Amino acid sequence: MAATPQNTERSTVAGGAKRSRSMPSRVVPPIELPASVDELARAAAAQLGWNGVVLPETTILGRKVCVVAKLRTDVHAERIAMGAGPVADRATVDTWTWPELAGTAPAPAAEIVGVLVVARHWRTAMASAVPFARYGEAAMVLPSPAVLTEDYVGNCLPRARAYGLAVVTADPNAVVDLDLEGRTERVVLAEDPVSRLVNELVYDHLLRTAEVPALD
């Protein structure tokens with residue numbers, strides 16, 4: 001009995017998958033930042049009216065952020081006199097909120113004005129900014145092409161408003177503009193072990209920054 005010819009376009013291939021013709025997809029170049037992260041952070045802080053030292057980008061709680069902070073010079077002087085510099089050990093900082101040790105814990109030496117996250121896409125920026133928005137001001141800095149999408153309007157803006165995040169955009173010439181104001185009436189958590197650890201890390205970062213030298 002003669003074999004029935006098969007249509008090679010519909011014949012099965014190894015693994016049981018059928019051949020299919022694929023059309024070449026259009027390659028969309030990734031959106032790039034128009035300037036360095038630190039430059040955009042400084043411009044965004046000025047746009048938001050955040051007064052303080054815009055610290056270079058660093059990693060805190062596993063997120064890359066630029067913190068705007070001030071040194072509480074009176075507390076810093078007292079801590080230096082007591083030999084109590086910045087403490088980065090989480091286990092030690094955790095004990096500072098225990099009722100029996102709260103009275104002996106060093107006072108926070110940094111005033112955190114706000115936390116900035118500079119990123120090419122809002123999802124990346126929001127994932128990094130939200131943990132800090134629980135304790136104070138936080139903002140995302142995005143290239144302007146990233147906000148000219150339905151995804152940004154339909155998905156980012158409602159979430160940013162819910163978390164109280166501000167959004168600053170940077171055009172191709174690195175000129176920044178405020179796209180969304182942060183919501184100041186949101187519920188902010190009281191001081192806890194996480195906020196104390198963040199404060200200690202920012203305190204250490206301040207002392208390592210040339211603009212804020214440690215006291216003798």
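User: In which sense do S5 and S6 pair, and over how many bridges?

Analyst: Strand pairing is a good place to start: two strands pair if DSSP finds at least two bridges between them. Here S5 (residues 138-143) and S6 pair in the parallel sense, over five bridges. Met140 stands opposite Val167 in S6. This is a predicted model, where local features need pLDDT of at least 70 and side-chain atom pairs pLDDT 80 or more, while totals for chains, interfaces and linings use all residues. Residues are numbered from 1 along each chain as its sequence is written, and side-chain values use heavy atoms, leaving out hydrogens and water.

User: Through which helix does the chain cross from S5 to S6, and with what handedness?

Analyst: The chain passes through H5 (residues 150-163) in a right-handed β-α-β crossover (with the strands pointing away from the viewer, the path from the first strand over the helix to the second runs clockwise). The element names are DSSP runs numbered from the N terminus: helices are H or I with at least four residues, strands E with at least two.

User: What lies on the faces of S6, and are they buried or exposed?

Analyst: Burial is read from relative accessible area (1.4 Å probe, protein chains only): buried is under 20%, exposed over 50%, partly exposed in between. In S6 (residues 166-170), five of the five residues are buried. Ala166, Val168 and Ala170 sit on one side, with Val167 and Thr169 on the other, and both faces are covered.

User: How does S6 pair with S7, and what comes between them?

Analyst: S6 and S7 (residues 176-180) pair in the antiparallel sense over four bridges. Val168 stands opposite Leu178 in S7. The two strands form a hairpin with five residues between them. One to look at in the turn is Ala174, which has a positive phi of about 70 degrees.

User: Why is helix H4 described as largely enclosed?

Analyst: Let's count the buried residues. H4 (residues 122-133) is largely enclosed by the rest of the structure because nine of its twelve residues are buried. They are Trp122, Ala125, Met126, Ser128, Ala129, Val130, Pro131, Phe132 and Ala133.

User: Which elements do the buried residues of H4 pack against?

Analyst: For packing, look for contacts, meaning heavy atoms within 4.5 Å. The buried residues of H4 pack against strands S2 (58-60), S3 (63-71), S4 and S5, and against helices H5 and H6. You have met two of these partners already: S5 pairs with S6, and H5 carries the chain across from S5 to S6.
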